[in-house]
Amino acid sequence: MSLFDKFQPMIDMRAELAEIGVMPFGPVTEKLFSATEGIVNGKHVILAGTNNYLGLTFNPDCISAAQQAVAEQGTGTTGSRMANGTFSDHLLLEQELADFFGVNHAIVFSTGYAATMGMSATLAGPGDVILLDADSHASIYDGVMLSGAEVIRFRHNDPADLDKRLRRLGERAKEALVIVEGIYSMGGDQSPLAEIAAVKRKYGCYLMVDEAHSLGMIGENGRGVAESEGVEADVDFIIGTFSKSLGAIGGYCVSNHPELEAIRFTVRSYIFTASSSPAVIASSRAALRIIKQQPELRTRLWDNANQLYDGLKALGLKVGPQASPVVAVTIEDRAQAISWWTQLFDLGVYVNLVVPPASPSVHSLLRCSVSAAYSSEQVEKIISAFTTLVNTTPVNNAG
Amino acid sequence: MSDYQAHLSRIFEVLQPYVPEGEELNEQSELVADLGLSSIDVMEMIVEIEDFFDISIPLNILPDISTVGDLAKAIGNIN
(Lines give C-alpha, C1' and ligand atoms only; values in the text may rest on other atoms or scores of the structure.)
Protein backbone atom coordinates (compact mmCIF):
# COMPACT_ATOMS: atom_id res chain seq x y z
CA MET A 1 0.00 0.00 0.00
CA SER A 2 1.41 3.37 -1.03
CA LEU A 3 1.94 6.20 1.41
CA PHE A 4 -0.55 8.25 -0.60
CA ASP A 5 -3.33 5.65 -1.01
CA LYS A 6 -5.23 6.96 1.99
CA PHE A 7 -5.57 10.33 0.28
CA GLN A 8 -7.32 8.85 -2.77
CA PRO A 9 -10.87 9.64 -1.56
CA MET A 10 -9.91 13.32 -1.23
CA ILE A 11 -8.14 13.26 -4.61
CA ASP A 12 -11.29 11.74 -6.14
CA MET A 13 -13.60 14.28 -4.53
CA ARG A 14 -11.47 17.21 -5.73
CA ALA A 15 -11.43 15.76 -9.24
CA GLU A 16 -15.21 15.28 -9.18
CA LEU A 17 -15.75 18.90 -8.10
CA ALA A 18 -13.23 20.26 -10.58
CA GLU A 19 -15.02 18.39 -13.37
CA ILE A 20 -18.25 20.21 -12.62
CA GLY A 21 -16.37 23.47 -12.20
CA VAL A 22 -16.91 23.88 -8.46
CA MET A 23 -14.39 24.48 -5.72
CA PRO A 24 -16.28 25.16 -2.51
CA PHE A 25 -13.37 24.34 -0.20
CA GLY A 26 -10.93 27.16 0.37
CA PRO A 27 -12.47 29.87 -1.83
CA VAL A 28 -10.25 32.91 -2.18
CA THR A 29 -11.38 36.20 -0.66
CA GLU A 30 -9.89 38.80 -2.96
CA LYS A 31 -11.35 42.02 -1.57
CA LEU A 32 -13.55 43.00 1.35
CA PHE A 33 -15.93 45.95 1.29
CA SER A 34 -17.15 45.47 4.86
CA ALA A 35 -17.76 42.71 7.39
CA THR A 36 -20.65 41.49 5.26
CA GLU A 37 -19.66 41.82 1.59
CA GLY A 38 -16.64 41.18 -0.56
CA ILE A 39 -15.20 39.68 -3.72
CA VAL A 40 -14.74 35.93 -3.37
CA ASN A 41 -13.43 33.87 -6.29
CA GLY A 42 -14.04 36.88 -8.51
CA LYS A 43 -17.68 37.30 -7.48
CA HIS A 44 -19.29 40.04 -5.38
CA VAL A 45 -21.09 38.16 -2.60
CA ILE A 46 -22.80 38.59 0.74
CA LEU A 47 -20.64 36.82 3.32
CA ALA A 48 -23.03 34.34 4.92
CA GLY A 49 -20.46 31.80 6.03
CA THR A 50 -17.72 33.68 7.86
CA ASN A 51 -18.64 33.34 11.59
CA ASN A 52 -18.29 37.11 11.85
CA TYR A 53 -21.20 37.12 14.27
CA LEU A 54 -20.86 40.65 15.62
CA GLY A 55 -19.27 42.09 12.47
CA LEU A 56 -16.30 43.45 14.43
CA THR A 57 -13.58 42.74 11.83
CA PHE A 58 -14.04 46.26 10.46
CA ASN A 59 -14.86 47.99 13.73
CA PRO A 60 -12.88 51.27 13.82
CA ASP A 61 -11.87 50.86 17.47
CA CYS A 62 -10.55 47.33 16.85
CA ILE A 63 -8.63 48.46 13.77
CA SER A 64 -7.20 51.48 15.53
CA ALA A 65 -6.08 49.40 18.53
CA ALA A 66 -4.39 46.89 16.23
CA GLN A 67 -2.64 49.64 14.25
CA GLN A 68 -1.33 51.28 17.39
CA ALA A 69 -0.06 47.94 18.75
CA VAL A 70 1.81 47.19 15.54
CA ALA A 71 3.41 50.63 15.60
CA GLU A 72 4.44 50.37 19.24
CA GLN A 73 5.19 46.65 19.69
CA GLY A 74 6.01 45.35 16.22
CA THR A 75 4.48 42.72 13.99
CA GLY A 76 5.11 39.60 16.06
CA THR A 77 6.30 38.30 19.42
CA THR A 78 8.71 35.77 17.87
CA GLY A 79 8.32 33.36 20.77
CA SER A 80 6.13 31.18 22.95
CA ARG A 81 4.23 32.44 25.97
CA MET A 82 6.55 30.34 28.12
CA ALA A 83 9.71 31.89 26.66
CA ASN A 84 9.86 35.47 25.36
CA GLY A 85 6.31 35.67 23.96
CA THR A 86 4.40 37.01 26.98
CA PHE A 87 3.90 40.75 26.59
CA SER A 88 2.07 42.95 29.10
CA ASP A 89 -0.97 43.02 26.82
CA HIS A 90 -1.31 39.21 26.89
CA LEU A 91 -1.60 39.43 30.67
CA LEU A 92 -4.02 42.36 30.46
CA LEU A 93 -6.27 40.39 28.09
CA GLU A 94 -6.17 37.42 30.46
CA GLN A 95 -7.20 39.65 33.36
CA GLU A 96 -9.97 41.24 31.28
CA LEU A 97 -11.27 37.83 30.24
CA ALA A 98 -11.28 36.64 33.85
CA ASP A 99 -13.15 39.80 34.88
CA PHE A 100 -15.62 39.41 32.02
CA PHE A 101 -16.45 35.84 33.03
CA GLY A 102 -16.33 36.64 36.75
CA VAL A 103 -13.64 34.06 37.49
CA ASN A 104 -10.13 34.20 38.87
CA HIS A 105 -8.02 32.64 36.14
CA ALA A 106 -7.63 32.83 32.37
CA ILE A 107 -5.21 31.59 29.75
CA VAL A 108 -4.87 33.15 26.30
CA PHE A 109 -3.85 30.80 23.50
CA SER A 110 -2.69 31.62 19.97
CA THR A 111 -5.72 30.01 18.28
CA GLY A 112 -9.08 28.58 19.24
CA TYR A 113 -7.89 25.19 18.04
CA ALA A 114 -4.87 25.40 20.36
CA ALA A 115 -7.18 26.25 23.28
CA THR A 116 -9.80 23.55 22.82
CA MET A 117 -7.43 20.85 21.60
CA GLY A 118 -4.82 21.70 24.22
CA MET A 119 -7.19 21.77 27.19
CA SER A 120 -8.97 18.61 25.99
CA ALA A 121 -5.62 16.86 25.67
CA THR A 122 -4.24 17.96 29.01
CA LEU A 123 -6.91 18.09 31.71
CA ALA A 124 -7.51 14.33 31.76
CA GLY A 125 -4.79 11.77 31.27
CA PRO A 126 -4.13 8.03 31.44
CA GLY A 127 -6.44 6.42 33.99
CA ASP A 128 -9.02 9.22 33.70
CA VAL A 129 -12.27 9.21 31.74
CA ILE A 130 -13.56 11.87 29.32
CA LEU A 131 -17.19 11.90 28.17
CA LEU A 132 -17.83 14.09 25.15
CA ASP A 133 -20.91 15.00 23.17
CA ALA A 134 -20.93 13.06 19.91
CA ASP A 135 -21.17 16.27 17.83
CA SER A 136 -18.14 17.90 19.45
CA HIS A 137 -15.78 19.91 17.25
CA ALA A 138 -12.79 18.18 15.65
CA SER A 139 -10.42 20.11 17.92
CA ILE A 140 -12.02 18.45 20.95
CA TYR A 141 -11.84 15.01 19.35
CA ASP A 142 -8.19 15.60 18.44
CA GLY A 143 -7.40 16.67 21.98
CA VAL A 144 -9.14 13.86 23.84
CA MET A 145 -7.52 11.23 21.62
CA LEU A 146 -4.10 12.71 22.49
CA SER A 147 -4.89 12.76 26.21
CA GLY A 148 -4.37 9.06 26.91
CA ALA A 149 -7.63 9.08 28.88
CA GLU A 150 -10.47 6.64 28.25
CA VAL A 151 -12.79 8.47 25.84
CA ILE A 152 -16.54 7.84 25.79
CA ARG A 153 -19.03 9.53 23.48
CA PHE A 154 -22.58 10.24 24.53
CA ARG A 155 -25.50 10.97 22.24
CA HIS A 156 -25.66 14.53 21.01
CA ASN A 157 -27.51 16.86 23.41
CA ASP A 158 -28.80 13.88 25.42
CA PRO A 159 -28.38 14.41 29.19
CA ALA A 160 -30.08 11.05 29.88
CA ASP A 161 -27.47 9.23 27.81
CA LEU A 162 -24.71 11.13 29.64
CA ASP A 163 -26.29 10.14 32.96
CA LYS A 164 -26.41 6.49 31.91
CA ARG A 165 -22.77 6.46 30.89
CA LEU A 166 -21.64 8.17 34.10
CA ARG A 167 -23.65 5.60 36.10
CA ARG A 168 -21.80 2.81 34.28
CA LEU A 169 -18.49 4.28 35.50
CA GLY A 170 -19.34 3.74 39.16
CA GLU A 171 -16.81 5.37 41.49
CA ARG A 172 -14.74 6.65 38.55
CA ALA A 173 -17.56 9.02 37.57
CA LYS A 174 -16.69 11.66 40.16
CA GLU A 175 -13.29 12.30 38.57
CA ALA A 176 -14.56 12.18 34.98
CA LEU A 177 -14.41 15.18 32.65
CA VAL A 178 -17.51 15.99 30.59
CA ILE A 179 -17.04 18.16 27.47
CA VAL A 180 -19.87 19.88 25.59
CA GLU A 181 -20.34 22.97 23.43
CA GLY A 182 -22.62 25.94 24.11
CA ILE A 183 -23.84 26.24 20.53
CA TYR A 184 -22.76 23.49 18.15
CA SER A 185 -20.72 24.78 15.26
CA MET A 186 -22.25 22.80 12.42
CA GLY A 187 -25.96 22.50 13.24
CA GLY A 188 -26.24 25.65 15.35
CA ASP A 189 -28.27 23.84 17.98
CA GLN A 190 -27.84 24.82 21.61
CA SER A 191 -26.73 22.54 24.42
CA PRO A 192 -29.33 21.70 27.10
CA LEU A 193 -26.72 22.96 29.53
CA ALA A 194 -28.96 23.26 32.60
CA GLU A 195 -29.77 19.55 32.31
CA ILE A 196 -26.15 18.64 31.57
CA ALA A 197 -25.10 20.65 34.64
CA ALA A 198 -27.68 18.80 36.77
CA VAL A 199 -26.14 15.48 35.70
CA LYS A 200 -22.70 16.90 36.49
CA ARG A 201 -23.85 17.83 40.01
CA LYS A 202 -25.40 14.40 40.52
CA TYR A 203 -22.11 12.61 39.89
CA GLY A 204 -19.72 15.31 41.12
CA CYS A 205 -17.64 15.20 37.95
CA TYR A 206 -16.00 18.08 36.04
CA LEU A 207 -17.56 20.04 33.18
CA MET A 208 -15.85 21.93 30.36
CA VAL A 209 -17.92 23.98 27.89
CA ASP A 210 -16.73 25.27 24.53
CA GLU A 211 -18.43 28.62 23.96
CA ALA A 212 -16.72 29.29 20.61
CA HIS A 213 -20.04 29.99 18.87
CA SER A 214 -21.77 31.66 21.82
CA LEU A 215 -19.32 34.18 23.35
CA GLY A 216 -20.77 37.65 22.92
CA MET A 217 -23.95 36.26 21.43
CA ILE A 218 -26.04 34.84 24.23
CA GLY A 219 -26.56 35.55 27.92
CA GLU A 220 -27.42 38.85 29.56
CA ASN A 221 -23.77 39.93 29.46
CA GLY A 222 -22.78 37.90 26.40
CA ARG A 223 -20.92 35.26 28.40
CA GLY A 224 -22.52 32.42 26.50
CA VAL A 225 -24.90 29.54 27.10
CA ALA A 226 -23.61 28.86 30.63
CA GLU A 227 -24.77 32.37 31.54
CA SER A 228 -28.09 32.18 29.70
CA GLU A 229 -28.87 28.82 31.33
CA GLY A 230 -27.84 30.10 34.77
CA VAL A 231 -25.25 27.38 35.37
CA GLU A 232 -21.93 29.23 35.29
CA ALA A 233 -21.12 28.00 38.81
CA ASP A 234 -21.34 24.40 37.57
CA VAL A 235 -18.94 24.90 34.69
CA ASP A 236 -15.35 24.17 35.72
CA PHE A 237 -13.72 25.36 32.51
CA ILE A 238 -14.97 27.56 29.67
CA ILE A 239 -12.97 27.48 26.45
CA GLY A 240 -13.47 29.47 23.29
CA THR A 241 -12.06 31.52 20.49
CA PHE A 242 -11.39 35.11 19.45
CA SER A 243 -11.83 34.26 15.76
CA LYS A 244 -15.60 34.52 15.64
CA SER A 245 -17.46 37.15 17.67
CA LEU A 246 -14.22 39.01 18.49
CA GLY A 247 -13.20 39.15 14.83
CA ALA A 248 -9.55 38.28 15.45
CA ILE A 249 -7.70 35.00 16.11
CA GLY A 250 -6.82 33.29 19.35
CA GLY A 251 -8.36 31.18 22.08
CA TYR A 252 -8.92 31.12 25.81
CA CYS A 253 -9.70 29.02 28.83
CA VAL A 254 -11.19 30.56 31.99
CA SER A 255 -11.80 28.89 35.32
CA ASN A 256 -12.07 29.40 39.04
CA HIS A 257 -9.79 26.44 39.70
CA PRO A 258 -6.45 27.85 40.91
CA GLU A 259 -4.74 24.84 39.32
CA LEU A 260 -5.25 26.53 35.93
CA GLU A 261 -2.12 28.61 36.58
CA ALA A 262 -0.04 25.42 36.77
CA ILE A 263 -1.99 23.67 34.02
CA ARG A 264 -1.00 26.39 31.53
CA PHE A 265 2.62 25.24 31.74
CA THR A 266 1.65 21.67 30.87
CA VAL A 267 -0.46 22.40 27.77
CA ARG A 268 1.74 21.68 24.80
CA SER A 269 -0.27 23.85 22.40
CA TYR A 270 0.46 26.77 24.76
CA ILE A 271 4.13 25.99 25.28
CA PHE A 272 5.31 24.99 21.84
CA THR A 273 3.85 27.69 19.61
CA ALA A 274 4.45 31.40 19.17
CA SER A 275 2.15 33.69 21.10
CA SER A 276 -0.44 35.95 19.47
CA SER A 277 0.91 39.06 17.76
CA PRO A 278 0.43 42.43 19.50
CA ALA A 279 -2.11 43.54 16.87
CA VAL A 280 -4.28 40.48 17.49
CA ILE A 281 -4.20 40.94 21.26
CA ALA A 282 -5.01 44.65 20.94
CA SER A 283 -8.00 44.16 18.61
CA SER A 284 -9.28 41.28 20.79
CA ARG A 285 -9.15 43.51 23.87
CA ALA A 286 -11.02 46.24 22.00
CA ALA A 287 -13.63 43.74 20.79
CA LEU A 288 -14.15 42.39 24.30
CA ARG A 289 -14.80 45.94 25.51
CA ILE A 290 -17.33 46.41 22.71
CA ILE A 291 -19.16 43.22 23.71
CA LYS A 292 -19.48 44.65 27.22
CA GLN A 293 -20.46 48.16 26.14
CA GLN A 294 -22.73 47.44 23.18
CA PRO A 295 -25.34 44.82 24.07
CA GLU A 296 -27.38 46.14 21.14
CA LEU A 297 -25.06 44.12 18.87
CA ARG A 298 -26.56 40.96 20.37
CA THR A 299 -30.05 42.26 19.75
CA ARG A 300 -29.22 42.95 16.09
CA LEU A 301 -27.57 39.53 15.73
CA TRP A 302 -30.65 37.74 17.05
CA ASP A 303 -33.03 39.87 14.99
CA ASN A 304 -31.08 38.83 11.90
CA ALA A 305 -30.78 35.20 13.03
CA ASN A 306 -34.53 34.99 13.64
CA GLN A 307 -35.29 36.61 10.27
CA LEU A 308 -33.05 34.16 8.41
CA TYR A 309 -34.18 31.10 10.38
CA ASP A 310 -37.87 31.93 9.98
CA GLY A 311 -37.41 32.72 6.30
CA LEU A 312 -35.64 29.48 5.46
CA LYS A 313 -38.00 27.43 7.59
CA ALA A 314 -40.98 28.99 5.83
CA LEU A 315 -39.53 27.74 2.54
CA GLY A 316 -39.86 24.20 3.88
CA LEU A 317 -36.11 23.77 4.24
CA LYS A 318 -34.79 21.45 6.93
CA VAL A 319 -33.16 23.77 9.47
CA GLY A 320 -32.14 23.21 13.10
CA PRO A 321 -34.50 22.89 16.05
CA GLN A 322 -34.21 26.53 17.07
CA ALA A 323 -33.15 29.91 15.71
CA SER A 324 -29.44 30.42 16.18
CA PRO A 325 -26.55 32.51 14.84
CA VAL A 326 -25.71 29.36 12.87
CA VAL A 327 -28.54 28.43 10.50
CA ALA A 328 -27.73 25.15 8.78
CA VAL A 329 -29.87 23.74 5.98
CA THR A 330 -29.69 19.96 5.74
CA ILE A 331 -29.54 18.53 2.22
CA GLU A 332 -29.50 14.75 2.22
CA ASP A 333 -28.17 14.36 -1.32
CA ARG A 334 -24.53 15.43 -1.54
CA ALA A 335 -24.70 16.22 -5.26
CA GLN A 336 -27.67 18.50 -4.66
CA ALA A 337 -25.86 20.23 -1.79
CA ILE A 338 -22.90 20.93 -4.09
CA SER A 339 -25.21 22.15 -6.84
CA TRP A 340 -27.09 24.43 -4.46
CA TRP A 341 -23.87 25.81 -3.00
CA THR A 342 -22.74 26.72 -6.52
CA GLN A 343 -26.06 28.31 -7.42
CA LEU A 344 -26.16 30.31 -4.18
CA PHE A 345 -22.67 31.56 -4.98
CA ASP A 346 -23.77 32.53 -8.49
CA LEU A 347 -26.71 34.37 -6.91
CA GLY A 348 -24.25 36.35 -4.79
CA VAL A 349 -24.45 34.49 -1.48
CA TYR A 350 -21.45 32.73 0.03
CA VAL A 351 -22.32 30.03 2.60
CA ASN A 352 -20.32 27.06 3.90
CA LEU A 353 -20.70 23.70 2.18
CA VAL A 354 -20.25 20.89 4.70
CA VAL A 355 -20.21 17.32 3.43
CA PRO A 356 -19.54 14.06 5.30
CA PRO A 357 -17.35 13.28 7.17
CA ALA A 358 -17.11 16.95 8.25
CA SER A 359 -20.88 17.11 8.81
CA PRO A 360 -22.28 15.49 11.96
CA SER A 361 -24.38 12.97 10.00
CA VAL A 362 -24.44 11.23 6.62
CA HIS A 363 -26.15 14.32 5.20
CA SER A 364 -24.65 17.54 3.86
CA LEU A 365 -25.18 21.04 5.17
CA LEU A 366 -25.42 24.48 3.65
CA ARG A 367 -24.30 26.35 6.73
CA CYS A 368 -25.09 30.03 7.12
CA SER A 369 -23.56 32.07 9.92
CA VAL A 370 -25.40 35.28 10.71
CA SER A 371 -23.87 38.68 11.45
CA ALA A 372 -25.13 41.59 13.52
CA ALA A 373 -23.71 43.76 10.75
CA TYR A 374 -26.28 42.59 8.17
CA SER A 375 -29.01 44.94 7.15
CA SER A 376 -32.46 43.45 7.01
CA GLU A 377 -32.22 43.79 3.21
CA GLN A 378 -29.09 41.62 3.16
CA VAL A 379 -30.83 38.90 5.17
CA GLU A 380 -33.74 39.14 2.74
CA LYS A 381 -31.32 38.72 -0.17
CA ILE A 382 -29.98 35.49 1.37
CA ILE A 383 -33.53 34.19 1.83
CA SER A 384 -34.36 35.25 -1.71
CA ALA A 385 -31.43 33.24 -3.11
CA PHE A 386 -32.67 30.13 -1.31
CA THR A 387 -36.20 30.88 -2.56
CA THR A 388 -34.93 30.86 -6.14
CA LEU A 389 -33.43 27.42 -5.58
CA VAL A 390 -36.50 26.00 -3.88
CA ASN A 391 -38.64 27.24 -6.75
CA THR A 392 -36.43 25.66 -9.40
CA THR A 393 -35.26 22.43 -7.74
CA PRO A 394 -37.24 20.38 -5.24
CA VAL A 395 -35.23 19.41 -2.18
CA ASN A 396 -34.28 15.76 -2.44
CA ASN A 397 -34.67 14.94 1.26
CA ALA A 398 -36.26 11.57 1.87
CA GLY A 399 -36.57 12.11 5.63
CA MET B 1 -23.57 -20.76 25.49
CA SER B 2 -20.30 -18.97 26.40
CA ASP B 3 -20.25 -15.21 26.96
CA TYR B 4 -18.34 -14.84 23.71
CA GLN B 5 -20.97 -16.78 21.79
CA ALA B 6 -23.74 -14.79 23.48
CA HIS B 7 -22.04 -11.54 22.49
CA LEU B 8 -21.58 -12.78 18.93
CA SER B 9 -25.19 -13.78 18.72
CA ARG B 10 -26.39 -10.34 19.79
CA ILE B 11 -23.95 -8.57 17.45
CA PHE B 12 -25.28 -10.66 14.54
CA GLU B 13 -28.80 -9.45 15.37
CA VAL B 14 -27.76 -5.79 15.49
CA LEU B 15 -25.67 -6.04 12.31
CA GLN B 16 -28.23 -7.89 10.22
CA PRO B 17 -29.88 -4.75 8.82
CA TYR B 18 -26.47 -3.49 7.67
CA VAL B 19 -25.45 -6.68 5.83
CA PRO B 20 -25.38 -6.27 2.04
CA GLU B 21 -27.43 -8.73 0.03
CA GLY B 22 -25.46 -11.88 -0.69
CA GLU B 23 -22.94 -11.24 2.09
CA GLU B 24 -22.78 -13.90 4.81
CA LEU B 25 -22.18 -12.68 8.34
CA ASN B 26 -19.69 -14.54 10.51
CA GLU B 27 -17.17 -13.71 13.21
CA GLN B 28 -14.46 -13.05 10.60
CA SER B 29 -16.61 -10.51 8.76
CA GLU B 30 -14.82 -7.18 8.48
CA LEU B 31 -17.12 -4.35 9.60
CA VAL B 32 -15.85 -1.92 6.98
CA ALA B 33 -14.24 -4.02 4.23
CA ASP B 34 -16.92 -6.76 4.04
CA LEU B 35 -20.05 -5.06 5.32
CA GLY B 36 -19.18 -1.65 3.87
CA LEU B 37 -20.17 0.21 7.04
CA SER B 38 -19.40 3.91 7.00
CA SER B 39 -17.82 5.47 10.07
CA ILE B 40 -21.25 6.86 10.99
CA ASP B 41 -22.86 3.40 10.56
CA VAL B 42 -20.20 1.93 12.85
CA MET B 43 -20.93 4.53 15.53
CA GLU B 44 -24.71 3.91 15.29
CA MET B 45 -24.18 0.19 15.55
CA ILE B 46 -21.84 0.60 18.53
CA VAL B 47 -24.46 2.69 20.37
CA GLU B 48 -27.05 -0.05 19.87
CA ILE B 49 -24.65 -2.64 21.23
CA GLU B 50 -23.67 -0.43 24.17
CA ASP B 51 -27.32 -0.05 25.16
CA PHE B 52 -28.02 -3.75 24.88
CA PHE B 53 -25.05 -4.75 27.09
CA ASP B 54 -25.31 -1.62 29.30
CA ILE B 55 -21.66 -0.77 28.69
CA SER B 56 -19.70 2.08 27.14
CA ILE B 57 -17.13 1.12 24.52
CA PRO B 58 -14.28 3.67 24.68
CA LEU B 59 -13.36 5.33 21.39
CA ASN B 60 -9.74 4.44 22.12
CA ILE B 61 -10.27 0.75 21.41
CA LEU B 62 -12.23 1.17 18.17
CA PRO B 63 -9.11 1.19 15.95
CA ASP B 64 -8.37 -2.35 17.19
CA ILE B 65 -11.82 -3.62 16.21
CA SER B 66 -12.01 -4.66 12.59
CA THR B 67 -14.05 -7.88 12.66
CA VAL B 68 -17.26 -9.00 14.32
CA GLY B 69 -15.15 -11.34 16.45
CA ASP B 70 -12.94 -8.43 17.61
CA LEU B 71 -16.06 -6.61 18.74
CA ALA B 72 -17.37 -9.64 20.68
CA LYS B 73 -14.00 -10.01 22.43
CA ALA B 74 -13.91 -6.28 23.29
CA ILE B 75 -17.35 -6.52 24.88
CA GLY B 76 -16.14 -9.51 26.92
CA ASN B 77 -13.13 -7.51 28.13
CA ILE B 78 -15.29 -4.55 29.19
CA ASN B 79 -17.72 -6.84 31.04
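How many residue pairs are in polar contact between domain 1 of chain A and domain 2 of chain A? I found six, both residues at pLDDT 80 or more. I took a polar contact as a pair of N or O atoms within 3.5 Å; within protein, one must be able to donate a hydrogen and the other to accept it, and residues adjacent in sequence count only if both atoms are side-chain atoms.

**Ground rules.** I worked on a predicted model, where local features need pLDDT of at least 70, side-chain atom pairs count only at pLDDT 80 or more, and totals for chains, interfaces and linings use all residues. I numbered residues from 1 along each chain as its sequence is written, took chains as lettered from A and ligands as numbered from 1 in the order in which they are written, and used heavy atoms for side-chain values, with hydrogens and water left out.

**Entry 1: the two chains.** I looked up chain A and found 14 helices and 14 strands. Helices (H or I, at least four residues) and strands (E, at least two) are DSSP runs, numbered from the N terminus. The C-alpha trace of chain A spans about 60 × 55 × 50 Å along its principal axes. Its radius of gyration is 21 Å, which agrees with a compact globule of 399 residues, expected near 21 Å. That radius is taken over C-alpha atoms, and the globule rule is 2.2 Å times the number of residues to the power 0.38.

Chain B has three helices and zero strands. I read its elements from the N terminus on as α-α-α. The C-alpha trace of chain B spans about 35 × 30 × 20 Å. For its 79 residues a compact globule would come near 12 Å; chain B has 11 Å, which agrees.

**Entry 2: inside chain A.** I noted domain 1 (5–58 + 295–392) and domain 2 (60–293). The bounds come from an automatic or database domain assignment. Contact (heavy atoms within 4.5 Å) takes 24 residues from domain 1 of chain A and 28 residues from domain 2 of chain A. The C-alpha centres of the two domains lie 26 Å apart.

The area buried between them is about 2000 Å², and carbon and sulfur atoms give 60% of that. Buried area is the accessible area (1.4 Å probe) that two parts lose on being put together, summed over both. On the domain 1 side, A:Tyr53, A:Leu56 and A:Arg298 supply 29% of the area buried against domain 2, more than any other three residues.

I counted zero salt bridges between the domains. A salt bridge is a side-chain nitrogen of Lys or Arg within 4 Å of a carboxyl oxygen of Asp or Glu. On the domain 1 side, α12 (296–314), β11 (326–331) and β14 (364–369) each give two or more residues. The largest share, five residues, comes from α12(A).

**Entry 3: chain A against chain B.** Here the contact takes 15 residues from chain A and eleven residues from chain B. The buried area is about 1200 Å², with 50% from carbon and sulfur atoms. In chain A, A:Arg153, A:Arg165 and A:Arg168 lose the most area to chain B, together 39% of what that side buries.

I found six salt bridges across this interface. One of them joins the side chains of A:Arg168 and B:Asp51 (3.5 Å, N to O). Eleven residue pairs are in polar contact, both at pLDDT 80 or more. In chain A, α5 (138–147), β6 (150–154) and α6 (159–169) each supply at least two residues of the side that touches chain B.
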